[in-house]
Amino acid sequence: MTSGQRRLQPRKQPKQVRAELTRGRILTAAAQVFADYGYAAGTTNRIAERAGISIGSLYQYYPNKDAILAELTAAHLDAGLALVQSHRDGELPESLEDILRLFVHAAISDHRGHPELLRVQFEQTPRTPQIFEMMYEYEAASVDFTRSLLERHPEVRVTDTETAARLVVTSVGLLVHQLVAEPNPIDVDRFENELVAMLTRYLTAAGA
């Protein structure tokens with residue numbers, strides 16, 4: 001492990017309920033502070049104050065704010081993987097348009113709740129090997145699930161389902177982040193309708 005990686009590792013892994021609660025308070029406070037102040041002004045002093053603990057106590061758990069942000073991002077990616085798995089295991093709507101709307105709506109809802117925090121995570125989180133691995137795992141799981149769906153759905157007309165799956169996953173992820181989480185967001189309902197229509201037309205076009 002390099003010195004840079006060590007700087008992003010939590011210092012204390014909670015083994016008792018009290019320690020786990022303190023760690024949770026730090027992460028909750030950090031999410032609020034990053035959302036309220038952004039990355040540069042989201043200092044460890046503000047995080048400790050919001051969590052109701054001393055700065056010394058915070059440093060017992062995390063060496064710096066980058067380590068906290070990395071853990072918040074890891075938790076976000078874990079939640080994304082869990083969502084993909086729930087879609088894989090659960091019942092989906094019959095029509096392709098309704099399935100796409102389900103995915104697009106879920107992505108938009110995720111960004112609407114904490115757009116400022118997601119912006120910080122997307123733009124400022126240190127890209128450690130762990131984060132890169134989790135990002136790759138999330139994308140690979142999403143593409144694999146989407147490809148499997150496209151291969152068996154009767155409305156799909158694209159022949160290259162691997163490329164189509166990657167296009168769908170990347171388009172939803174990047175467009176939703178770019179247009180919903182930006183400081184001047186787009187009209188969300190209109191955006192959802194247009195993105196669903198665009199993807200549906202692409203996937204069902206004859207000869208695609």
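## Exercises on a predicted all-helix model

In this predicted model, α5 and α7 pack at an angle of about 105 degrees, and their axes lie 10 Å apart. Residues are numbered from 1 along each chain as its sequence is written, and side-chain values use heavy atoms, with hydrogens and water left out. Because the model is predicted, local features need pLDDT of at least 70 and side-chain atom pairs count only at pLDDT 80 or more, while totals for chains, interfaces and linings use all residues.

**Exercise 1.** Describe how α5 and α7 are oriented and which residues join them.

*Solution.* Begin with the axes, which are lines fitted to C-alpha atoms, for helices over the stretch in contact, with angles running from 0 to 180 degrees between N-to-C directions. The angle of about 105 degrees makes α5 roughly perpendicular to α7, a term that covers 65 to 115 degrees. Next, take contact as heavy atoms within 4.5 Å: Leu69, Leu72, Thr73 and His76 in α5 meet Leu118, Val120, Gln121 and Gln124 in α7. Finally, sorted by class, this contact holds four nonpolar, four polar and no charged residues; here Ala, Val, Leu, Ile, Met, Phe, Trp, Tyr, Cys and Pro count as nonpolar, Asp, Glu, Lys and Arg as charged, and the others, Gly among them, as polar.

**Exercise 2.** Characterise the largest pocket by its volume and its lining.

*Solution.* First, the largest pocket has a volume of about 1100 Å³. A pocket is, on a 1 Å grid over the protein atoms alone, an open set of points where a 1.4 Å probe fits, with protein on both sides within 12 Å along at least five of seven lines, and lining residues have an atom within 4 Å of a point; the volume is the space filled by probe spheres set on the points. Of the 32 lining residues, His76, His111, Tyr138, Val169 and Gly173 are the closest to the centre. The lining divides into 18 nonpolar, 11 polar and three charged residues, and α5 (65-89), α6 (96-113), α7 (115-124), α8 (129-152) and α9 (161-180) each supply at least two of its residues.

**Exercise 3.** State how confidence varies along the chain.

*Solution.* Start from pLDDT, the predictor's confidence in each residue, from 0 to 100: its mean over the protein chain is 86, and 90% of the residues reach 70 or more. Then compare the extremes, since confidence is lowest in helix α1 (residues 3-6), at a mean of 47, and highest in helix α3 (residues 44-51), at 97.

Conventions. Helix = DSSP H or I, 4+ residues; strand = E, 2+ residues; numbered from the N terminus. Parallel < 35°, antiparallel > 145°, perpendicular 65-115°, else oblique.
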